[in-house]
Structure formats: C-alpha cells, structure tokens
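Please look through the sequence and the structure shown here before reading the explanation that follows.

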Protein chains: 2
Amino acid sequence: MAGGVTVSSEISSIRSPRVKAARQLARRSFRQRTRLFLAEGPQAVREALALQSRGVVTELFVTGAAWSRHDDLVTEAAGHGVPVHAVSGEVMAELAQTVTPQGVLAVCRFVDVPLQRLTEAAPRLAVLLANVRDPGNAGTVLRTADAAGADGVIFSDASVDPYNSKSVRASAGSLFHLPVVAGCPLREAVAALRGAGLQVLAADGGAESKLDEPGPGSSLARPTAWLFGNEAWGLPRDLLALADRAIAVPIYGRAESLNLAAAAAVCLYTSARALRS
Amino acid sequence: MAGGVTVSSEISSIRSPRVKAARQLARRSFRQRTRLFLAEGPQAVREALALQSRGVVTELFVTGAAWSRHDDLVTEAAGHGVPVHAVSGEVMAELAQTVTPQGVLAVCRFVDVPLQRLTEAAPRLAVLLANVRDPGNAGTVLRTADAAGADGVIFSDASVDPYNSKSVRASAGSLFHLPVVAGCPLREAVAALRGAGLQVLAADGGAESKLDEPGPGSSLARPTAWLFGNEAWGLPRDLLALADRAIAVPIYGRAESLNLAAAAAVCLYTSARALRS
C-alpha cells in the first residue's frame, strides 16, 4: 500500500459487517435513519473531503488499483483521521452500484442545510425541484444550477432524494458546492423565497410568456427562484398557481418539448446573464 | 380487437420468427445490414407514421392493452398497409428493451439523409456530434437541436448510432423531425458545412472565449455549426483544430463543467436567439 497510511488487511467479503452497513445506504430509509450516504468516484470524494472541517466523510473504501491512482485522496482522508478500508474489486462493485466503479467511495454525512440558511443569505438565483422523480435529472439540474452560479437548490418533499446514488453521481460534485435543502414542503419553500425578495417563476412548456431575451429591462434581472416540475407531466395547476408567473422556453422547431435538464439549463443561464447584465 | 383492423392471432412466443427478426434489431450490426430500427412508444410511432409517404414504418407490434389506448395509431398504420402484429406483454417486453414498455413498437426504415441534402438546404444552425458515446446524451442533444430550430444534426462516424434504442427514446420523436446525417467522417462534415457558409464553433469548457451574450454584433448571428465532443473527455486537440473557434459556456459557480446535454442546450439556444435577433 502506498502513501504510508496504515490500514487493516483488505476486506474481500461482501459479508463483512462494515461493507454490509455501507451497502444498506443504497436504501433511502437507511440513509434517512443514519443521515449518511455514499459518494462514489474520485471527484465526489475530493469534493466531500474539501468539507472535512464539517466532518463530512466518515469512512473511505478504496481498491488496491485505485489506491495507487488516488494516493492523494487516501492520504488526505487518513490525515483527517478518516478510517480507510482497503477492499477487493468485488466488494467495491457491491458498494458502488455502477457498471464501472472508479475504485474509491466515501461514506458521507448529509450536507443539506435548513431552508432558512438559504433564504437568509440574500439569494439572487435559486432552484426549486417539485415532483422531480428521476435521480439523474435531479443531479444534472443541481450541477447546472451550480455552473450557472445559483445560490441554492431545494428538493421539495415530493422530489427524489438528493442522496440517491444516481443523483449524487449526476451532480458531479455539485452536491458539495452549494446550499442544498432536502425534503422541504413546496409551499413553505415558495413562501420563504418570496419573503426573501425573489420572484418565483415556473418553467412550463405550455405557458404563453416565453423566456425573455436577457437585456436591460428584462424581468429576469430581478432575483429569481425557478420552479421545475416532473419530467413527464410538468407542473400541475395547483403548483403553477404558487408561482408569480409561468414561462416557457420557446420551441423554434418541431420538438414537443425540451427535457427537464435541458430546459433548466436554458432558464438558469438566461437568468444568470440577466442578473449579471 | 378494436378499430376494425384485421390481424392474425396474437403472437405470444418470443420464438416467433417475426419477433426474433425484430429483436435482432437491438444489435447495431443487424440494423446496419437491414437499414431497419425499432421505435418504441406511441409518440415515436406517431412521428414515424407521419413520414409514411416515405414508407418509414414497415411493421407494427402492439399489445392488447395498448391497442385500445392507441387505436388511432393502429388504424392509421393499417390504413397505410403496414402489417400489424398483436403481441403478448411478454413479447413486447422482449422487443422494447425498456423497464416499462408502452405497448406499441414500430419497425422503421432508416431516416438519415446524405450530408449533401443538409448542406444544400442553406442551413443556419447545425449540430455535429464528435465521439459522443452515450446514446441518451446523443438523443437528448437531437431533441434539443430540434427544439432550438436547428436545420440538421450530424452523427460523426465515431459517435453513437442514432438508431440505438436509447438514443431513439431520448430524442422523443425528433429523430423523425429534422435531417439527421449518420456515420459521416467528421472532417468531411466540417468541410461541407464550411463550404455551405457556416462557421464551425467547438463547444469546449476550457476555451478562453466565453459564449457571447446574444445581441447586435454577436458573432452568433452568423450561420453556425456547433461541434460537441465526448461527454467525459471533451474534444481532443486535433478535433478542436477543425473548428474556426472554441467557445466555453461560462461557469459562474463552482462546477467543473456542464454535462454535454446541458452545455448543448445553452449553446444552441444562445445561437437560436442570436440568429433571430
């Protein structure tokens, strides 16, 4: 083993108690009970370790092959006193739930913050996920929100769990970058954001108002929370009614609609430009 | 059976020769040999039937449950003389390759067009996929290009097959909406697009030039072909060199990058606006 980190002998059985405990975090109920989740791959582990002042990483699993490639991560984790477990490829495959595991996986403490933390920080661009069910979509929107400079993302209580392994993976580290609020009732979130001075815009393919050109006088130059609905059936009437206005990304061709992540990218970048212009 | 369409008795065996022949279209080599592919779900089947003047749909498979829901599609197909096969749920599951098949599936002729067809039509916005390997990403970019009013999408010979079932599904019907060129060498496509008066812009997260604000004088007001690279490693130097300019979507937050489909959505909509302004 490289890097001078002391570890116990390699765990090669998926029946090892440590492996079984970590494996259970694939289930939402266990994540909720323990407030722990799994972050797989060097990028996610690196971002998690960057929050180690908050004690985010509680354990690290690494294969022999990945150890030599990512010695820096192992050394950093061990330096923070994080227990490091060498594991066989078979054990990693069991834990990682991906077709091609990258050989390094962290058990992490939940990183979400209370709604108030987000609204008190004078946010100018926020995202509200209502009824988003596909974890890949949710993670991609989180990553896009981060790229567009958003001040926070709220997963409403009817949306997918941000700690679902597919969502964590699709967020590509962004889960660790910006304030995330998890499991908040949608009405409460809308009220708090409006109280913080944000307009609430619902992205709705059927809306008559089309997304503004950014520029002087654009309504998007005001602090904005974007409300995104379910990937298949959009926003139902009662949720649309919560917003100040519904806005559609214009369709210039013959597609019926955009997929959720693409629509979110267009809306968030249009807002980001307008807020900066 | 509804709709007065005559069919032979329901196929309930996955060993039926018709089912086996259709099932083989899951493999690229069989698709290439027969120039046929599978389109699953009512939306895709409807869009394919809209091209029936070109004889796109050659067979239709439908379950009893889907028949009553989508009687219009079955009647339309039968009216065009398309053989309709009633199949059991088990057979549909075998053919559809999805977790929850929607009960209707068409065997379709390839719809791609020669490169020249695209370049002769005075395109103003085109998409070039270089080394895009994930079929879901490729199909999503095709859908987004359609929504943004692009005049065509070129899948280079190193990219995923547009007829891959996941790509067809992610395109949400757009495969049937706009000219698609398949399996074209990238250099040839770039030369032809440039010959047709388009500037070639490479989307590259590492580029120094950032995506323009649309507006008067924007370089995006010129006819443009966007070159998108691989989802994991972007565009290698030799492909970047093919473009007139490399442009990055600006990252305002802490994300390292955007995912391919999100970056494409931002680039294509920025171009669409500039071309219309």
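Which residues on the two sides of β6(B) are buried? On one side they are B:G152, B:I154 and B:S156, and on the other B:V153 and B:F155, and both faces of β6(B) are thereby covered; a residue is called buried if 20 or more other C-beta atoms, placed from the backbone, lie within 10 Å of its own. In a regular strand the side chains alternate between the two faces of the sheet. Because five of the five residues of strand β6 (residues 152-156) of chain B are buried, this strand is largely enclosed by the rest of the structure; strands here are DSSP runs of E with at least two residues, helices runs of H or I with at least four, and both are numbered from the N terminus.

This is a predicted model, in which local features need pLDDT of at least 70 and side-chain atom pairs count only at pLDDT 80 or more, while totals for chains, interfaces and linings use all residues. Residues are numbered from 1 along each chain as its sequence is written, and chains are lettered from A and ligands numbered from 1 in the order in which they are written.

The neighbours of β6(B) come next. Strand β5 (residues 125-129) of chain B pairs with β6(B) in the parallel sense over four bridges, where pairing requires that DSSP finds at least two bridges between two strands, and B:L128 stands opposite B:I154. Strand β7 (residues 180-184) of chain B is also paired with β6(B) in the parallel sense, over four bridges, and there B:V180 is the bridge partner of B:V153.

Notes: A residue is buried if 20 or more other C-beta atoms lie within 10 Å of its own, exposed if 12 or fewer, and partly exposed in between; C-beta atoms are placed from the backbone.
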